[in-house]
Amino acid sequence: MDSTKSNEDVSHVDVISAKDLLSSGHRYLDVRTVEEFNRGHIDKAINIPYMFLTEEGRVQNPDFLVQVSSVCQKEDHLIVGCNSGGRGRRACVDLLNAGYKDVRNLEGGYSAWVDNEFKGDKAEAEQFKTACKFRP
């Protein structure tokens with residue numbers, strides 16, 4: 001029997017639940033690029049890019065799991081987020097396959113967080129909403 005995890009094995013959490021979980025000890029792993037992260041992020045987020053933007057397009061970070069293991073334990077409770085949910089879901093699959101026990105993908109990613117929780121400049125919030133080409 002194949003025990004490899006897939007997209008169907010990923011648990012998802014909405015932003016309201018994620019906010020509660022983060023205030024009760026969960027850690028937030030932001031898998032967006034450094035450039036995206038520097039434009040804005042959730043407080044106390046750990047930024048480890050799942051993909052890099054290159055001249056050829058997006059390429060997966062070959063050291064992603066090694067980098068995560070340097071700052072997170074396999075027993076840590078992790079909420080994984082990207083800009084809209086796709087990279088986060090793929091990162092969760094890789095983390096589950098690497099033996100991480102409790103990883104959840106933030107539904108809608110940081111864009112959903114901005115929509116629901118953003119307290120700052122409205123123009124900046126709009127920038128986040130349009131920054132991801134996959135966002136409706």
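What pattern of helices and strands does the chain follow when read along the sequence? The order is β-α-β-α-β-β-β-α-β-α-β-α-α. Before I go further, please note that this is a predicted model, and that the values I give today are computed from it.

Let me begin with the chain as a whole. The pattern I have just read out comprises 6 helices and 7 strands. The chain has 136 residues, and buried residues account for 41% of them. Its accessible surface comes to about 7,700 Å², with 48% of that area belonging to carbon and sulfur atoms. As for contacts, I consider those between residues at least 6 apart in sequence: 64% of these join residues at least 24 apart.

I turn next to one pair of strands. Strand 4, residues 51-54, and strand 5, residues 57-60, run antiparallel and are joined by 4 bridges. Within this pairing, Phe52 has Val59 of strand 5 as its bridge partner. The connection between strand 4 and strand 5 is a hairpin of 2 residues.

The salt bridges come next. The count for the model is 4, and I shall describe three pairs, among them Arg27 with Asp76.

In that pair, the side chains meet at 2.9 Å, taken from N to O. Arg27 belongs to strand 2, residues 27-30, whereas Asp76 sits in the loop between helix 3 (64-69) and strand 6 (77-81); the salt bridge therefore ties together parts that are 49 residues apart in sequence. The two partners may be described by their exposure. Arg27 is partly exposed, at a relative accessible area of 30%, while Asp76 is buried, at 17%.

The next pair is Arg87 and Glu36, whose closest N and O atoms are 2.8 Å apart. Which parts of the chain does this pair tie together? Arg87 lies in helix 4, residues 86-97, and Glu36 in helix 2, residues 34-39, so the link spans parts that are 51 residues apart in sequence. Are these residues buried or exposed? Arg87 counts as buried, with 5% relative accessibility, and Glu36 is buried as well, with a relative accessible area of 10%.

The remaining pair on my list is Arg104 with Asp102, where the side chains form a salt bridge at 3.3 Å from N to O. Here Arg104 is partly exposed, with a relative accessible area of 25%. Asp102, by contrast, is buried, at 15%.

I close with the cysteines. How many disulfides does the model contain? The count is 0. Cys92 can serve as an example: the nearest cysteine sulfur belongs to Cys82 and is 9.1 Å away, and Cys92 is in no disulfide. A disulfide requires the two sulfur atoms to be within 2.5 Å. Cys92 is also buried, its relative accessible area being 0%. Cys72 likewise counts as buried, at 3% relative accessibility.

To summarise, the predicted model has 6 helices and 7 strands. Its salt bridges include one between strand 2 and the loop that precedes strand 6, and another between helix 4 and helix 2. Strand 4 and strand 5 form an antiparallel pair, and the disulfide count is 0.

Technical notes: Residues are numbered from 1 along each chain as its sequence is written. This is a predicted model: local features need pLDDT of at least 70, side-chain atom pairs count only at pLDDT 80 or more; totals for chains, interfaces and linings use all residues. Side-chain values use heavy atoms; hydrogens and water are left out. Buried means under 20% relative accessible area, exposed over 50%, partly exposed in between (1.4 Å probe, protein chains only). Contact means heavy atoms within 4.5 Å. Accessible areas come from the Shrake-Rupley method with a 1.4 Å probe; for residues, only the protein chains shown count as cover. Two strands pair if DSSP finds at least two bridges between them.
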